[in-house]
Amino acid sequence: MTNIFTRIKDTVVADFHHLLDQKEEKHPMTHLNQYIRKCEDEVKKLKQLIEKQYMIKQQYQKELNQAKLMLDKRSKQVVLAEQTDEHELLEEARIEMNQYQARVDQLTEMNDSATTQIEEIETKYGEMQQQLKNLYVKRLELKGRENLARVHKGINQVLQADYIDRSSNKFAEAEDYIERMEQQVKTNHRLHTLDARFAELEKKHSLSK
């Protein structure tokens with residue numbers, strides 16, 4: 001069940017990255033992101049192989065320990081058979097002792113070789129991790145440079161003469177609009193005040209009659 005959910009998640013993530021890449025297929029950062037994702041996949045695969053190699057080495061060690069125990073056991077039995085003149089048992093014990101000795105020698109060589117191989121791939125794994133981190137840092141640097149370039153581009157656009165002229169026209173239009181509103185308010189106020197004064201005058205005049 002876990003593997004199914006993992007495959008579904010990986011599929012969704014892959015589709016998401018694909019959509020992003022389609023949206024920005026002409027953007028150079030897209031190709032860099034694709035390359036970094038491939039490197040991440042390779043590092044992940046190598047980690048899994050290293051873990052598998054450790055498991056194999058553990059199996060080597062387990063078999064080696066068992067072979068050593070049996071070799072030690074048969075060696076002691078050979079001594080006992082010699083001391084008791086048990087020639088038939090002695091012969092059988094020697095045959096198995098030699099077999100276990102050969103197995104111990106083989107497994108020791110395999111185990112030592114596995115140890116050396118693990119050290120080598122661990123070193124390579126560390127180098128790949130460092131390279132991946134270098135890519136992360138480089139991408140971060142490029143993102144910073146890209147953003148800074150966009151900032152300067154925006155600044156240059158604002159500082160361009162035609163942009164400033166357009167901005168000045170917009171401000172002038174806004175200022176004219178506000179002045180018209182202010183003038184309308186003053187006019188309305190004056191008319192209201194004038195009407196109020198005449199109303200008061202008419203009231204006084206009617207009372208004086």
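Which residues form a nonpolar patch on the surface? I looked this up before anything else: Leu 148, Val 151 and Ile 155 do, with about 240 Å² of accessible area together. For areas I used the Shrake-Rupley method with a 1.4 Å probe, and for residues only the protein chains shown count as cover. A patch takes residues with over 30% relative accessible area and no salt bridge; like charges are joined within 9 Å, and nonpolar side chains (Val, Leu, Ile, Met, Phe, Trp, Tyr) within 5 Å.

**Ground rules**

I am working on a predicted model, where local features need pLDDT of at least 70, side-chain atom pairs count only at pLDDT 80 or more, and totals for chains, interfaces and linings use all residues. Residues are numbered from 1 along each chain as its sequence is written, and side-chain values use heavy atoms, with hydrogens and water left out.

**Overall layout**

I found four helices and zero strands in the protein, so the order from the N terminus reads α-α-α-α. Both kinds of element are DSSP runs numbered from the N terminus: H or I of at least four residues for helices, E of at least two for strands.

Next I checked burial. Of the 209 residues in the protein, 14% are buried. My cut-offs are under 20% relative accessible area for buried, over 50% for exposed, and partly exposed in between (1.4 Å probe, protein chains only). The protein exposes about 17,400 Å², and carbon and sulfur atoms supply 56% of that.

I also looked at contacts (heavy atoms within 4.5 Å). Taking those with a separation of 6 or more, 74% join residues 24 or more positions apart.

**Back to the nonpolar patch**

I picked Val 151 from the patch and placed it in helix H3. Val 151 counts as partly exposed because its relative accessibility is 40%.

**Lys 57**

What is the nearest side chain of opposite charge to Lys 57, and how far away is it? It is Asp 112, 7.2 Å away; Lys 57 is buried yet has no salt bridge. I count a salt bridge when a side-chain nitrogen of Lys or Arg is within 4 Å of a carboxyl oxygen of Asp or Glu. For charge signs, Lys and Arg are positive and Asp and Glu negative, while His and the chain ends are not counted.

Lys 57 sits in helix H2 (residues 28-83). Leaving aside neighbours within four places in sequence, I see Lys 57 in contact with Asn 111, Ala 114, Thr 115 and Ile 118.

**A pair across the sequence**

I checked Arg 103 against Glu 63: they are 40 residues apart in sequence and 9.1 Å apart in space, C-alpha to C-alpha. Arg 103 is in helix H3, and its relative accessible area of 42% makes it partly exposed.

**Asp 85 and the negative patch**

Where is Asp 85? I found it in the loop between H2 and helix H3 (87-159). Its phi is near 55 degrees, a positive value in a residue other than glycine. I noted that because most residues other than glycine have a negative phi.

Asp 85 counts as exposed, since its relative accessibility is 54%. It gathers with Glu 86, Glu 88, Glu 91 and Glu 92 in a patch of negative charge on the surface. The place of a charge is taken as NZ of Lys, CZ of Arg, CG of Asp or CD of Glu.

**Salt bridges**

How many salt bridges does the rule give? I get six, and I logged details for some of them.

- Lys 45 pairs with Glu 42, with the closest N and O atoms 3.9 Å apart. They are three residues apart in helix H2, so about one helical turn separates them. Lys 45 is partly exposed at 47%, and Glu 42 is partly exposed at 41%.
- Asp 72 pairs with Lys 76, and here the closest N and O atoms are 3.3 Å apart. Being four residues apart in helix H2, they are also separated by about one helical turn. Asp 72 is partly exposed at 39%, whereas Lys 76 counts as exposed at 55%.
- Lys 138 pairs with Glu 141, with 3.4 Å between the closest N and O atoms. Both lie in helix H3, three residues or about one turn apart. I have Lys 138 as partly exposed at 39%, and Glu 141 as partly exposed at 39%.
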